[in-house]
Amino acid sequence: MCGCGGLRWGWGHSAPSPMLLLSLLLSSAPFGLLGEETRQLLEFDSTNVSDAAAEPPGRPYPPYLLAEFSWNNITDTLDLATLSATFQGHPTRDPTKAFVNGSLAFRVQAFSRSGRPARPPRLLHTADSCQLEVSLAGASSRGNRSLFGLEVATVGQGLDCPSAREQHSIDDEYAPAVFQLDQLLWGPVPSGFVQWRPVAFSQKQGGRDSSLPCQASPLHPTLAYSLPKSPIIRAFFGSQSNLCAFNLTFGASTGPGYWDQNYLSWSMLLGVGAPPVDTLSPLILGIMAAALGAPGLMLLGGALVLLLHHKRSSEYQSIN
């Protein structure tokens, strides 16, 4: 999809500017952005699947190959004010007419400063990162309760794959009911990273009532693909790098899904250097302060009562 690198990937001693980063992203195909590729759009029939953690999540339909998609003219969606652009496409051959009124879109956005997007899952970003949002809208599914997914191939480090890690937190203010952050890291001292929340959305506004679980399969080396022919990718990673692959699946047969409004969206953050680290939000800090401060206030109040009681008792003079 989209990949960013550190010193070993050719940035030199400084990170790229947001405009340079956006230019590099837009110079690659939407299915091969700087070394991380979405190869296929997957679809599964989950009608008779009751286990939400089943692998695969249902009977697979023939996948849509993104290399066989027709894509829009990127200049029509390029927005220099927000440093964003959208690749939108549909299969060139569509015998089932599934994409007559639908499309698959990749929205790429670079950032000029730290902050959070307005829409969930609101991942913390820096000026050295970009966001990729994938959305499927209006396409007809081939089953009553189809689950969709993406096959992703990414460049590894020599013979090794990037390290996959999970982070857990008690803070869900920016992504309600999601307490996990998944990430891929390149190098022991990360020169690049990919981050995402394991959640997708079946409505454009993205809320808790439309959230879908996102399952990621283990990352593994693969010989099924060769390194993309993009000169940018080969300049960054060389021609001898290993490819690793994993699948992402969105939704479960038992909950809300793409079938609700024929819409699905999911996003990831990609960046240079070490990934940004979330701190506890002001809301959670306030709750913790109240929870921890209440016992202290009670003890302080009890001590004051005892002190005043003792003072009053000492003011009485003995009759004898």
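Tutor: Two strands count as a pair if DSSP finds at least two bridges between them. With that idea we may begin, noting that the model before us is predicted.

Student: How many helices and strands does the chain have?

Tutor: There are 16 strands and three helices. Of the 320 residues in the chain, 48% are buried. The accessible surface amounts to about 16,300 Å², and carbon and sulfur atoms account for 58% of that surface.

Student: Which strand joins β10 in the antiparallel sense, and over how many bridges?

Tutor: Strand β10, residues 180–186, runs antiparallel to β11, and five bridges join the two. Within this pairing, Q183 has Q195 of β11 as its bridge partner. Five residues lie between the strands of this hairpin, and G187 takes a positive phi near 95 degrees there. On another side of the pairing scheme, β11 is joined to β16 by four bridges, again in the antiparallel sense. There the bridge partner of V194 is L270 in β16.

Student: Which residues point one way from β11, and which the other way?

Tutor: The general idea is that side chains in a regular strand alternate between the two faces of the sheet. In β11, G192, V194 and W196 point one way, while F193 and Q195 point the other way. Both sets are buried. Strand β11 spans residues 192–196, and five of its five residues are buried.

Student: How many residues of strand β6 are buried?

Tutor: Seven of the eight residues in β6, which covers 103–110, are buried, so the cut-off of under 20% relative accessible area is met by those seven. The neighbours of β6 can be read from its bridges. Strand β5, residues 84–91, runs antiparallel to β6 with six bridges between them, and A85 is matched with V108 in β6. Strand β7, residues 129–137, is also antiparallel to β6, here with eight bridges. One bridge partnership in that pairing is F106 with V134 of β7.

Student: How many aromatic pairs does a search of the whole structure find?

Tutor: The search finds eight aromatic pairs. One of them is formed by F148 and Y258, whose ring centres are 4.9 Å apart and whose planes stand at 70 degrees. Planes over 60 degrees apart count as edge-to-face, and this pair is therefore edge-to-face.

Student: Where do F148 and Y258 lie?

Tutor: F148 belongs to strand β8, residues 146–155, and Y258 to the loop between β15 and β16, so the pair ties together parts that are 110 residues apart in sequence. Both F148 and Y258 are buried. Elsewhere, Y64, F69, W71, F99 and F106 form one aromatic cluster. A charge can also be placed over a ring: the charged end of R59 sits over the ring of Y61, 4.9 Å from the ring centre.

Student: Which residues have the most contacts inside the largest nonpolar core?

Tutor: They are L136, W196 and W266, in a core of 35 residues. Another core, of six residues, lies apart from that one, and F111, L123, L185 and F193 are among its members. Returning to L136, its contacts beyond four places in sequence include F99, F148 and Y258. L136 also touches N262, Y263 and L264, among others. For the chain as a whole, 67% of the contacts between residues at least 6 apart in sequence join residues at least 24 apart.

Student: Which residues other than glycine have a positive phi, and where are they?

Tutor: K97 is one of them, with phi near 60 degrees, and its place is the loop between β5 and β6. N262 is another, with phi of about 50 degrees, in the loop between β15 and β16. Their cover may be described in turn: K97 is exposed, with a relative accessible area of 56%, whereas N262 is partly exposed, at 29%.

Student: Which residues are joined by a cis peptide bond?

Tutor: The cis bond joins P120 and P121, and its omega is about 10 degrees. P121 is found in the loop between β6 and β7.

Note on methods:
Residues numbered from 1 in each chain as written. Predicted model: local features only at pLDDT ≥ 70, side-chain atom pairs only at ≥ 80, totals over all residues. Heavy atoms only, no water. Buried < 20%, exposed > 50% of the residue type's maximum accessible area, 1.4 Å probe, protein only. Phe/Tyr/Trp six-rings, centres within 6.5 Å; stacked < 30°, edge-to-face > 60°. Lys NZ or Arg CZ within 6 Å of the ring centre and 35° of its normal. Contact = heavy atoms within 4.5 Å. Areas by Shrake-Rupley, 256 points an atom, 1.4 Å probe, with all protein chains shown as cover. Core = buried A, V, L, I, M, F, W, Y, C linked by side-chain atoms within 4.5 Å.
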